[in-house]
Amino acid sequence: MLPARPGVYLMKNAAGGVLYVGKAANLKRRVSSYFARPHDPRIQQLVGEIRRVDYEVTSTAIEALIREAELIKKLEPPYNIREKDDKSFLSVVITREAFPRVLLVRGANMPAGTVYGPFTSASQLREALRILRRIFPWNDHPSTSSEPSTRQRGKPCFNYELGLCPGTCIGAADAKEYRRTIVQLKLFLGGKRKRLVSDLTREMKAASRVLDFERAEALRKRLFALHHIQDVALIDRDDLQAPDAEHRAALRIEGYDISNISGTSAVGSMVVFVNDKPAKEEYRKFAIRTVTGADDPAMLREALYRRLRHREWPLPALILVDGGVPQVNAARRVLRTARVRIPVVGIAKGPERKRNDVIGLMPTGIAKQTLVRVRDEAHRFAIQYHRRLRARQFLLQ
(Lines give C-alpha, C1' and ligand atoms only; values in the text may rest on other atoms or scores of the structure.)
Protein backbone atom coordinates (compact mmCIF):
# COMPACT_ATOMS: atom_id res chain seq x y z
CA MET A 1 0.00 0.00 0.00
CA LEU A 2 1.47 3.33 -1.07
CA PRO A 3 1.35 6.22 1.42
CA ALA A 4 -0.52 9.46 0.80
CA ARG A 5 2.74 11.41 0.93
CA PRO A 6 5.10 13.14 -1.55
CA GLY A 7 7.67 11.03 -3.31
CA VAL A 8 8.70 9.25 -6.50
CA TYR A 9 7.43 5.98 -7.93
CA LEU A 10 9.21 3.48 -10.19
CA MET A 11 7.04 1.34 -12.46
CA LYS A 12 8.74 -1.95 -13.34
CA ASN A 13 8.16 -4.79 -15.78
CA ALA A 14 8.24 -8.54 -15.17
CA ALA A 15 12.05 -8.61 -15.47
CA GLY A 16 12.43 -5.87 -12.88
CA GLY A 17 13.40 -3.23 -15.42
CA VAL A 18 12.24 0.32 -14.72
CA LEU A 19 9.65 1.43 -17.28
CA TYR A 20 8.79 4.83 -15.89
CA VAL A 21 9.75 7.15 -13.03
CA GLY A 22 7.23 9.69 -11.82
CA LYS A 23 6.79 12.18 -9.00
CA ALA A 24 3.77 12.88 -6.85
CA ALA A 25 2.57 15.06 -4.03
CA ASN A 26 0.37 12.12 -3.02
CA LEU A 27 1.84 8.76 -4.02
CA LYS A 28 -1.27 6.73 -3.26
CA ARG A 29 -3.62 8.91 -5.29
CA ARG A 30 -1.21 9.40 -8.14
CA VAL A 31 -0.30 5.75 -8.75
CA SER A 32 -3.91 4.62 -8.28
CA SER A 33 -5.02 6.98 -11.06
CA TYR A 34 -3.15 4.89 -13.65
CA PHE A 35 -5.29 1.85 -12.91
CA ALA A 36 -8.60 3.57 -12.18
CA ARG A 37 -9.97 3.96 -15.73
CA PRO A 38 -8.96 3.76 -19.41
CA HIS A 39 -6.38 6.29 -20.62
CA ASP A 40 -4.78 7.26 -23.90
CA PRO A 41 -3.02 4.47 -25.83
CA ARG A 42 0.47 5.32 -24.58
CA ILE A 43 -0.53 5.12 -20.90
CA GLN A 44 -2.52 1.95 -21.54
CA GLN A 45 0.56 0.39 -23.12
CA LEU A 46 2.62 1.33 -20.04
CA VAL A 47 -0.01 -0.01 -17.63
CA GLY A 48 -0.13 -3.28 -19.54
CA GLU A 49 3.60 -3.81 -18.92
CA ILE A 50 3.62 -2.90 -15.20
CA ARG A 51 4.16 -5.78 -12.79
CA ARG A 52 5.49 -3.90 -9.78
CA VAL A 53 5.62 -0.36 -8.42
CA ASP A 54 8.36 0.71 -6.04
CA TYR A 55 8.45 4.10 -4.38
CA GLU A 56 10.52 6.48 -2.27
CA VAL A 57 8.93 8.94 0.15
CA THR A 58 10.26 12.51 0.29
CA SER A 59 9.53 15.28 2.78
CA THR A 60 8.32 17.73 0.13
CA ALA A 61 7.13 17.86 -3.46
CA ILE A 62 10.24 19.84 -4.39
CA GLU A 63 12.41 16.95 -3.21
CA ALA A 64 10.26 14.59 -5.26
CA LEU A 65 10.93 16.78 -8.31
CA ILE A 66 14.69 16.67 -7.63
CA ARG A 67 14.75 12.93 -6.98
CA GLU A 68 12.75 12.21 -10.14
CA ALA A 69 15.35 14.07 -12.23
CA GLU A 70 18.18 12.11 -10.58
CA LEU A 71 16.51 8.75 -11.25
CA ILE A 72 15.58 9.53 -14.85
CA LYS A 73 19.15 10.62 -15.59
CA LYS A 74 20.55 7.48 -13.95
CA LEU A 75 18.06 4.85 -15.17
CA GLU A 76 16.85 6.27 -18.53
CA PRO A 77 13.41 4.58 -18.34
CA PRO A 78 11.93 4.09 -21.83
CA TYR A 79 8.62 5.79 -21.08
CA ASN A 80 10.39 8.88 -19.73
CA ILE A 81 12.79 9.41 -22.62
CA ARG A 82 10.67 8.16 -25.53
CA GLU A 83 9.89 10.96 -28.00
CA LYS A 84 11.89 13.32 -25.80
CA ASP A 85 15.04 15.27 -26.57
CA ASP A 86 17.21 15.64 -23.47
CA LYS A 87 18.71 18.82 -24.95
CA SER A 88 15.32 20.52 -24.66
CA PHE A 89 15.16 20.03 -20.90
CA LEU A 90 16.20 22.65 -18.35
CA SER A 91 19.01 22.13 -15.87
CA VAL A 92 20.04 24.16 -12.83
CA VAL A 93 23.62 25.39 -12.84
CA ILE A 94 25.36 26.98 -9.85
CA THR A 95 28.27 28.87 -11.37
CA ARG A 96 31.88 28.92 -10.23
CA GLU A 97 32.21 32.58 -9.35
CA ALA A 98 33.19 34.56 -6.28
CA PHE A 99 29.46 35.06 -5.75
CA PRO A 100 27.93 32.07 -7.60
CA ARG A 101 24.75 32.58 -9.56
CA VAL A 102 21.89 30.10 -9.90
CA LEU A 103 20.99 29.74 -13.58
CA LEU A 104 18.46 27.82 -15.65
CA VAL A 105 20.19 26.44 -18.74
CA ARG A 106 18.72 24.54 -21.66
CA GLY A 107 20.77 22.24 -23.86
CA ALA A 108 24.30 20.90 -23.76
CA ASN A 109 26.33 24.12 -23.56
CA MET A 110 26.56 24.41 -19.79
CA PRO A 111 28.61 27.13 -18.08
CA ALA A 112 31.24 25.98 -15.62
CA GLY A 113 29.64 24.99 -12.36
CA THR A 114 27.62 22.37 -10.53
CA VAL A 115 24.77 20.99 -12.64
CA TYR A 116 21.46 19.54 -11.40
CA GLY A 117 19.03 17.89 -13.76
CA PRO A 118 17.89 17.92 -16.47
CA PHE A 119 14.30 18.39 -15.30
CA THR A 120 11.34 17.30 -17.39
CA SER A 121 9.01 20.15 -16.41
CA ALA A 122 10.26 23.71 -16.89
CA SER A 123 7.26 25.27 -15.14
CA GLN A 124 7.59 23.05 -12.07
CA LEU A 125 11.33 23.69 -11.90
CA ARG A 126 10.84 27.47 -12.05
CA GLU A 127 8.21 27.27 -9.31
CA ALA A 128 10.52 25.13 -7.17
CA LEU A 129 13.35 27.64 -7.52
CA ARG A 130 10.99 30.48 -6.68
CA ILE A 131 10.15 28.70 -3.42
CA LEU A 132 13.77 27.83 -2.66
CA ARG A 133 15.03 31.36 -3.26
CA ARG A 134 12.81 32.56 -0.44
CA ILE A 135 14.80 30.22 1.83
CA PHE A 136 18.25 30.54 0.25
CA PRO A 137 18.63 34.06 -1.24
CA TRP A 138 21.07 33.98 -4.15
CA ASN A 139 22.85 36.30 -6.53
CA ASP A 140 21.64 36.72 -10.11
CA HIS A 141 23.88 39.65 -11.09
CA PRO A 142 26.71 38.88 -13.56
CA SER A 143 30.16 39.68 -12.19
CA THR A 144 31.65 42.90 -13.55
CA SER A 145 35.09 42.18 -12.10
CA SER A 146 36.99 39.37 -10.47
CA GLU A 147 35.60 40.51 -7.14
CA PRO A 148 31.88 41.35 -7.33
CA SER A 149 32.05 42.85 -3.84
CA THR A 150 34.04 45.75 -5.29
CA ARG A 151 31.21 46.78 -7.61
CA GLN A 152 30.13 50.38 -7.47
CA ARG A 153 27.44 50.76 -4.90
CA GLY A 154 24.15 51.81 -6.44
CA LYS A 155 20.44 51.41 -5.96
CA PRO A 156 19.53 47.98 -4.54
CA CYS A 157 17.56 45.69 -6.84
CA PHE A 158 13.98 44.81 -6.06
CA ASN A 159 14.95 41.23 -5.15
CA TYR A 160 17.23 42.66 -2.45
CA GLU A 161 14.30 44.60 -1.01
CA LEU A 162 12.31 41.35 -0.94
CA GLY A 163 15.14 39.45 0.74
CA LEU A 164 15.81 37.31 -2.36
CA CYS A 165 19.19 38.85 -3.25
CA PRO A 166 22.06 38.88 -0.71
CA GLY A 167 23.14 42.41 -1.71
CA THR A 168 25.62 41.75 -4.51
CA CYS A 169 23.84 44.50 -6.45
CA ILE A 170 25.22 47.13 -4.03
CA GLY A 171 28.37 45.37 -2.83
CA ALA A 172 26.81 44.57 0.52
CA ALA A 173 26.96 40.76 0.39
CA ASP A 174 29.15 38.99 2.91
CA ALA A 175 31.27 36.55 0.89
CA LYS A 176 31.72 34.01 3.70
CA GLU A 177 28.04 33.93 4.62
CA TYR A 178 27.02 33.74 0.97
CA ARG A 179 29.26 30.73 0.40
CA ARG A 180 27.54 29.03 3.36
CA THR A 181 24.14 29.70 1.79
CA ILE A 182 25.25 28.22 -1.54
CA VAL A 183 26.61 25.12 0.20
CA GLN A 184 23.23 24.70 1.90
CA LEU A 185 21.39 25.13 -1.39
CA LYS A 186 23.63 22.52 -3.01
CA LEU A 187 22.84 20.08 -0.22
CA PHE A 188 19.12 20.53 -0.82
CA LEU A 189 19.39 20.23 -4.61
CA GLY A 190 21.59 17.19 -4.11
CA GLY A 191 18.89 15.41 -2.12
CA LYS A 192 20.72 15.72 1.20
CA ARG A 193 17.99 17.37 3.24
CA LYS A 194 18.70 15.45 6.46
CA ARG A 195 22.34 16.50 6.42
CA LEU A 196 21.29 20.09 5.67
CA VAL A 197 18.92 20.19 8.64
CA SER A 198 21.61 18.67 10.87
CA ASP A 199 24.21 21.22 9.73
CA LEU A 200 21.84 24.16 10.24
CA THR A 201 20.87 22.95 13.70
CA ARG A 202 24.51 22.58 14.70
CA GLU A 203 25.39 26.04 13.35
CA MET A 204 22.42 27.60 15.14
CA LYS A 205 23.46 26.11 18.48
CA ALA A 206 27.07 27.19 17.94
CA ALA A 207 25.97 30.75 17.19
CA SER A 208 23.89 30.82 20.37
CA ARG A 209 26.81 29.60 22.47
CA VAL A 210 28.98 32.53 21.36
CA LEU A 211 26.03 34.93 21.86
CA ASP A 212 25.68 35.64 18.13
CA PHE A 213 21.92 35.82 18.47
CA GLU A 214 21.35 37.57 15.14
CA ARG A 215 22.91 34.71 13.20
CA ALA A 216 21.20 32.13 15.41
CA GLU A 217 17.82 33.74 14.67
CA ALA A 218 18.53 33.79 10.93
CA LEU A 219 19.38 30.09 11.02
CA ARG A 220 16.29 29.34 13.08
CA LYS A 221 14.11 31.04 10.45
CA ARG A 222 15.80 29.05 7.69
CA LEU A 223 15.17 25.82 9.55
CA PHE A 224 11.55 26.79 10.10
CA ALA A 225 11.13 27.56 6.41
CA LEU A 226 12.62 24.17 5.46
CA HIS A 227 10.17 22.40 7.74
CA HIS A 228 7.19 24.37 6.40
CA ILE A 229 7.70 24.46 2.64
CA GLN A 230 4.35 25.20 0.98
CA ASP A 231 4.71 23.26 -2.25
CA VAL A 232 1.95 20.66 -2.48
CA ALA A 233 0.54 22.47 -5.54
CA LEU A 234 3.92 22.23 -7.28
CA ILE A 235 3.18 18.90 -8.96
CA ASP A 236 -0.13 18.84 -10.84
CA ARG A 237 0.44 16.37 -13.65
CA ASP A 238 3.38 14.36 -14.86
CA ASP A 239 4.59 14.04 -18.47
CA LEU A 240 2.22 11.14 -19.26
CA GLN A 241 -0.79 13.29 -18.43
CA ALA A 242 -2.86 10.77 -16.47
CA PRO A 243 -6.46 12.03 -16.27
CA ASP A 244 -6.75 12.56 -12.54
CA ALA A 245 -5.16 15.84 -11.52
CA GLU A 246 -2.46 15.42 -8.92
CA HIS A 247 -3.39 16.13 -5.32
CA ARG A 248 -4.08 19.83 -5.16
CA ALA A 249 -3.25 22.17 -2.35
CA ALA A 250 -5.99 23.95 -0.48
CA LEU A 251 -7.11 26.88 -2.64
CA ARG A 252 -5.80 30.06 -1.03
CA ILE A 253 -7.12 33.47 -2.07
CA GLU A 254 -5.72 36.71 -0.64
CA GLY A 255 -7.87 39.86 -0.72
CA TYR A 256 -6.51 43.39 -0.35
CA ASP A 257 -8.14 46.74 0.36
CA ILE A 258 -6.97 50.25 1.28
CA SER A 259 -8.76 52.54 3.72
CA ASN A 260 -7.98 56.24 4.32
CA ILE A 261 -9.58 59.67 4.55
CA SER A 262 -7.95 62.07 2.11
CA GLY A 263 -4.74 60.15 2.49
CA THR A 264 -4.62 60.29 6.30
CA SER A 265 -4.45 57.30 8.66
CA ALA A 266 -4.01 55.11 5.61
CA VAL A 267 -4.04 51.35 6.13
CA GLY A 268 -4.00 48.26 4.00
CA SER A 269 -5.66 44.95 4.78
CA MET A 270 -4.91 41.39 3.69
CA VAL A 271 -7.52 38.71 4.27
CA VAL A 272 -7.12 35.03 3.44
CA PHE A 273 -9.73 32.53 2.28
CA VAL A 274 -8.87 28.84 2.09
CA ASN A 275 -11.34 26.63 0.22
CA ASP A 276 -13.95 29.42 0.28
CA LYS A 277 -13.69 29.92 4.05
CA PRO A 278 -11.97 32.81 5.88
CA ALA A 279 -8.72 31.87 7.63
CA LYS A 280 -8.75 34.73 10.14
CA GLU A 281 -5.56 33.66 11.88
CA GLU A 282 -3.74 34.55 8.64
CA TYR A 283 -5.21 38.04 8.22
CA ARG A 284 -2.63 40.84 8.19
CA LYS A 285 -2.82 44.63 8.32
CA PHE A 286 -0.39 47.31 7.17
CA ALA A 287 -0.11 50.91 8.33
CA ILE A 288 0.93 52.75 5.17
CA ARG A 289 4.27 54.49 5.69
CA THR A 290 5.66 55.71 2.38
CA VAL A 291 2.68 57.28 0.55
CA THR A 292 1.38 60.78 1.15
CA GLY A 293 -1.91 62.01 -0.21
CA ALA A 294 -4.87 60.01 -1.50
CA ASP A 295 -3.14 57.54 -3.84
CA ASP A 296 -4.79 54.15 -3.37
CA PRO A 297 -2.79 52.31 -6.08
CA ALA A 298 0.51 53.47 -4.53
CA MET A 299 -0.70 52.40 -1.10
CA LEU A 300 -1.67 49.01 -2.49
CA ARG A 301 1.81 48.66 -4.00
CA GLU A 302 3.37 49.30 -0.59
CA ALA A 303 1.11 46.75 1.11
CA LEU A 304 1.87 44.07 -1.49
CA TYR A 305 5.58 44.86 -1.47
CA ARG A 306 5.70 44.41 2.31
CA ARG A 307 3.61 41.24 2.11
CA LEU A 308 6.05 39.66 -0.36
CA ARG A 309 8.95 40.26 2.02
CA HIS A 310 7.44 37.62 4.32
CA ARG A 311 8.95 34.51 2.79
CA GLU A 312 7.44 32.37 5.53
CA TRP A 313 3.87 33.11 4.34
CA PRO A 314 2.55 30.72 1.66
CA LEU A 315 1.77 32.36 -1.66
CA PRO A 316 -1.86 32.34 -2.84
CA ALA A 317 -3.39 30.90 -5.97
CA LEU A 318 -5.14 34.23 -6.60
CA ILE A 319 -4.87 37.84 -5.44
CA LEU A 320 -8.07 39.89 -5.30
CA VAL A 321 -8.00 43.69 -4.94
CA ASP A 322 -10.86 45.99 -4.09
CA GLY A 323 -10.82 48.40 -7.00
CA GLY A 324 -10.64 48.77 -10.74
CA VAL A 325 -8.00 48.89 -13.43
CA PRO A 326 -5.54 51.20 -11.54
CA GLN A 327 -5.46 48.88 -8.51
CA VAL A 328 -5.17 45.74 -10.65
CA ASN A 329 -2.33 47.24 -12.68
CA ALA A 330 -0.55 48.35 -9.49
CA ALA A 331 -0.71 44.83 -8.05
CA ARG A 332 0.45 43.24 -11.29
CA ARG A 333 3.40 45.65 -11.47
CA VAL A 334 4.61 44.60 -8.01
CA LEU A 335 4.31 40.90 -8.84
CA ARG A 336 6.01 41.34 -12.21
CA THR A 337 8.91 43.21 -10.63
CA ALA A 338 9.22 40.49 -7.98
CA ARG A 339 9.04 37.79 -10.68
CA VAL A 340 6.11 36.15 -8.94
CA ARG A 341 3.40 34.70 -11.14
CA ILE A 342 0.04 34.99 -9.41
CA PRO A 343 -3.17 35.98 -11.21
CA VAL A 344 -4.74 39.25 -10.05
CA VAL A 345 -8.43 40.13 -10.21
CA GLY A 346 -10.17 43.32 -9.12
CA ILE A 347 -13.78 43.97 -8.20
CA ALA A 348 -15.14 47.47 -8.82
CA LYS A 349 -18.61 48.59 -7.83
CA GLY A 350 -19.41 49.95 -11.29
CA PRO A 351 -20.58 53.43 -12.36
CA GLU A 352 -23.69 53.34 -10.16
CA ARG A 353 -21.89 51.76 -7.19
CA LYS A 354 -24.48 48.98 -7.28
CA ARG A 355 -22.67 46.37 -9.38
CA ASN A 356 -19.69 44.13 -8.88
CA ASP A 357 -17.63 44.42 -12.07
CA VAL A 358 -14.79 41.92 -12.30
CA ILE A 359 -11.54 43.35 -13.68
CA GLY A 360 -9.36 40.65 -15.20
CA LEU A 361 -10.06 37.05 -16.13
CA MET A 362 -12.35 35.11 -13.82
CA PRO A 363 -10.36 32.05 -12.68
CA THR A 364 -11.91 28.70 -13.53
CA GLY A 365 -13.27 26.86 -10.53
CA ILE A 366 -13.79 30.02 -8.45
CA ALA A 367 -17.29 31.47 -8.17
CA LYS A 368 -17.87 35.19 -8.50
CA GLN A 369 -19.76 35.12 -5.21
CA THR A 370 -16.59 33.86 -3.50
CA LEU A 371 -14.64 36.80 -4.90
CA VAL A 372 -17.31 39.22 -3.67
CA ARG A 373 -17.11 37.69 -0.19
CA VAL A 374 -13.32 38.05 -0.16
CA ARG A 375 -13.61 41.67 -1.32
CA ASP A 376 -16.21 42.51 1.31
CA GLU A 377 -14.14 40.91 4.06
CA ALA A 378 -11.01 42.79 2.99
CA HIS A 379 -13.02 46.02 3.04
CA ARG A 380 -14.46 45.29 6.48
CA PHE A 381 -11.07 44.42 7.91
CA ALA A 382 -9.45 47.54 6.45
CA ILE A 383 -12.20 49.83 7.79
CA GLN A 384 -11.95 48.22 11.22
CA TYR A 385 -8.20 48.81 11.40
CA HIS A 386 -8.51 52.34 9.98
CA ARG A 387 -11.03 53.32 12.66
CA ARG A 388 -8.89 51.83 15.39
CA LEU A 389 -5.84 53.72 14.15
CA ARG A 390 -7.75 57.00 13.94
CA ALA A 391 -9.12 56.53 17.46
CA ARG A 392 -5.64 55.89 18.79
CA GLN A 393 -4.27 58.99 17.10
CA PHE A 394 -7.16 61.06 18.44
CA LEU A 395 -6.44 59.97 22.01
CA LEU A 396 -2.80 60.97 21.61
CA GLN A 397 -3.68 64.53 20.59
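**Exercise 1. Get your bearings: how many helices and strands does the chain have?**

Solution. Count the elements to begin with: this predicted model has twelve helices and 13 strands. Next, look at burial. The chain holds 397 residues, and buried ones make up 48% of them. Then check the surface, which comes to about 20,300 Å², with 50% belonging to carbon and sulfur atoms. Last, take the contacts between residues at least 6 apart in sequence: 63% of these join residues at least 24 apart.

**Exercise 2. Work out why Cys157 and Cys165 are not in disulfides.**

Solution. Start with the cut-off: the two sulfur atoms have to be within 2.5 Å. For Cys157, the closest cysteine sulfur belongs to Cys169 and sits 3.7 Å away, so that's too far for a bond. For Cys165, the closest one is in Cys157, at 3.9 Å, which is again too far. The count for the model ends up at zero disulfides. Now add burial, where the limit is under 20% relative accessible area. Cys157 counts as buried because its relative accessibility is 17%, and Cys165 does too, at 4%.

**Exercise 3. Find which residues touch the most other members of the largest nonpolar core.**

Solution. This core has 37 residues, and the answer is Leu132 and Phe188. Now see which elements supply two or more residues: α3, β4, β6, α5, α7, α8 and α9. Of these, α7 gives the most, with six. Then zoom in on Leu132: leaving out residues up to four places away in sequence, Leu132 touches Ile62, Trp138, Leu185, Phe188 and Leu189. Finally, look beyond this core: another one lies apart from it, with 30 residues, including Leu162, Tyr256, Leu304 and Ala331.

Technical notes. Residues numbered from 1 in each chain as written. Predicted model: local features only at pLDDT ≥ 70, side-chain atom pairs only at ≥ 80, totals over all residues. Heavy atoms only, no water. Helix = DSSP H or I, 4+ residues; strand = E, 2+ residues; numbered from the N terminus. Buried < 20%, exposed > 50% of the residue type's maximum accessible area, 1.4 Å probe, protein only. Contact = heavy atoms within 4.5 Å. Areas by Shrake-Rupley, 256 points an atom, 1.4 Å probe, with all protein chains shown as cover. Core = buried A, V, L, I, M, F, W, Y, C linked by side-chain atoms within 4.5 Å.
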